[in-house]
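Biologist: Could you walk me through this one slowly, please? I am still learning how to read such pictures.

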Amino acid sequence: MDVPAPGLTTSPRAEIEVDLGAVRHNVRRLRELVWGTEPGSAGQVMVVVKADGYGHGMRQVARAARQAGAQWLGVATPEEALELRAAGDGGRLLCWLAAPGQDFAPLVSADVDVTAYSVAQLEEVVRGAREAGRPARLQLKLDTGLSRGGAPREDWLALATGAKHAQDEGDVVVTGLWSHLACADEPAHPANQSQLDAFADGVALVRDVGLEPEVCHLANSAGALLHPAARHDLVRLGIAVYGFSPAPDVVSGSELGLVPAMTVRARVVIAKDLHAGDGISYGHTAHATEGMRVALVPLGYADGIPRHASSRAEVLLGGARAPVVGRVCMDQLVVAAPEAQAGDEVVLFGAGVHGEPTATEWARWCGTIDYEIVARMRGRQHRTWTGEEQE
Ligand SMILES: *Cc1c(COP(=O)(O)O)cnc(C)c1O
C-alpha cells in the first residue's frame with residue numbers, strides 16, 4: 001500500500017498522525033496470514049483496542065478494524081467497553097479486567113462479553129445480569145501458565161460448574177473460554193507447548209461439565225502468527241494491527257507485510273551552533289564537539305518520549321538521522337543536526353519508509369518494546385487521523 005510522505009499537516013509544534021488505512025491494511029493482511037485467503041474460513045479475528053488503541057485512538061481504530069472485517073473488539077477495562085458502545089460500536093466486544101465490586105449490569109445491558117476469573121467474579125456477573133434483567137454473555141478465563149489473570153488450575157472445575165449452573169438458571173450464556181500465552185514471542189520456549197496442553201485440558205473440562213462455548217481462544221499477535229496450534233476459533237490481535245511484529249527478533253514487521261500506523265512529528269523551535277566543549281541539556285551529560293549545531297525539538301517525557309532515549313535515540317531531520325544529545329527533558333529534547341533551521345520538520349518515528357526511525361528502533365534504544373513506545377505517546381501532541389473510510 002502507499003505510505004504518504006511525512007508532512008506536518010496541522011499543528012505547528014508537534015503531532016501524532018495515525019494512518020487508518022494502515023490499520024485496515026494490517027487487519028486484512030493478518031487475517032490472510034492467520035486464516036488464509038480462502039473465503040469462508042471459520043476463524044475469527046479480534047482487534048485489541050485497549051489503552052486508547054495502543055495510543056492510536058480507540059474509537060478510530062475500532063471503526064477501521066470493523067471496516068476491515070474484525071468480528072470482535074477486545075478491551076481491558078469496563079470503561080473502555082462502555083466508551084466503545086457510546087461511540088456507536090454494536091459488534092461483539094470482550095472486556096477482561098474488572099476489579100472486585102464492579103457493577104456488571106451496564107456491561108450486560110450493553111451486550112458486552114465479560115470475563116470471569118473466579119467464582120467470586122462469576123457471582124458479581126450473575127448479580128449484574130439479574131439487575132439488567134437479561135443473561136450476561138460470559139467468558140471464562142483460565143490461567144494456563146502466565147500466572148497473571150485467570151483461574152488457577154485448582155479452581156477450573158469450580159468456575160466451570162458454577163458457570164454451568166448460572167447458565168442453567170438463565171443468568172449467563174457462556175460464550176467463550178480463553179487463556180493468554182506467556183512466551184509466544186519466543187517460538188522455542190517450552191512454556192508454549194505446556195500452555196497449549198493445559199488449555200486443551202481446560203477445553204475438555206469445560207465441555208465435560210456440559211458447556212459449549214462459542215469461541216475458545218488463546219493467541220495474541222505472536223501466538224497467532226508463530227503458533228498455528230494456538231489459533232483455535234479466534235485470535236486476539238493487538239500490536240500487529242498497529243504495524244509491528246510481535247517478535248521482532250524472529251521476523252520483522254515489514255517481512256510480515258505490516259505497516260506502522262503512527263507517525264510522530266514536531267517542528268524545530270530554535271537551531272544554533274555550539275562551541276566545542278559546551279555542555280548540553282540537564283546535567284551536561286553530553287558536550288558539543290567542534291562545529292556542532294543543535295536543534296531544539298518541543299517534545300519531552302511528559303509527551304511520552306522516554307527519558308531513556310537521552311543520548312541514544314535518533315530522529316529524521318532534513319533527510320538525515322539526527323541523534324538526541326543529552327538528557328530528554330519534560331517538554332523538549334536536543335538533537336545534533338548540522339543543517340537544522342528553526343521551523344524544520346522533525347520525524348521522531350513513523351512507518352520507516354522515508355528514512356525515519358520506527359518505534360521498534362526507539363524501543364531498542366530505550367531498552368523496551370515498541371508496544372510501550374506507541375502506547376505512551378499520549379501527551380500534548382495534536383493527534384490526527386488520515387485514511388478514514390467513510391461509511
Ligand atoms: C493486550 C492483549 C492482547 C493483545 O496482545 P498483542 O501482543 O498486542 O497482540 C491479547 N489478549 C489479551 C488478553 C491482552 O491483554
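Modeller: We can talk about the ligand and its surroundings, and then about the aromatic rings, keeping in mind that this is a predicted model.

Biologist: Okay, where does the ligand sit?

Modeller: The ligand is found in the largest pocket, and 13 residues surround it, with Lys-50, Tyr-54, Ser-221, Ile-239 and Tyr-371 coming nearest.

Biologist: And how many of the shell residues are nonpolar, polar or charged?

Modeller: The shell around the ligand is made up of six nonpolar, four polar and three charged residues.

Biologist: Which N or O atoms lie by an oxygen atom of the ligand?

Modeller: In the side chain of Ser-221, an N or O atom is 2.5 Å from a ligand oxygen, while for Gly-238 it is a backbone N or O atom that lies 2.9 Å from an oxygen of the ligand. The side chain of Trp-96 also has an N or O atom, 3.5 Å from a ligand oxygen.

Biologist: How much of the ligand does the protein bury?

Modeller: On its own the ligand would expose 390 Å², and the protein buries 95% of that area.

Biologist: Changing topic, how many aromatic pairs are there in the whole structure?

Modeller: Searching the whole structure gives five aromatic pairs.

Biologist: Which residues do ring pairs link into a cluster?

Modeller: Tyr-54, Tyr-242 and Tyr-371 are joined into a cluster by ring pairs, and Tyr-54 and Tyr-371 are also among the residues that come nearest to the ligand.

Conventions: Residues numbered from 1 in each chain as written. Predicted model: local features only at pLDDT ≥ 70, side-chain atom pairs only at ≥ 80, totals over all residues. Heavy atoms only, no water. Near = heavy atom within 4 Å. Polar contact = N/O pair within 3.5 Å; in protein donor to acceptor, adjacent residues only side chain to side chain. Areas by Shrake-Rupley, 256 points an atom, 1.4 Å probe, with all protein chains shown as cover. 1 Å grid on protein atoms, 1.4 Å probe; cavity = no way out; pocket = protein on both sides within 12 Å on 5 of 7 lines; lining within 4 Å. Sits in = over half its atoms within 2 Å of the grid points. Nonpolar A, V, L, I, M, F, W, Y, C, P; charged D, E, K, R; others polar. Phe/Tyr/Trp six-rings, centres within 6.5 Å; stacked < 30°, edge-to-face > 60°.
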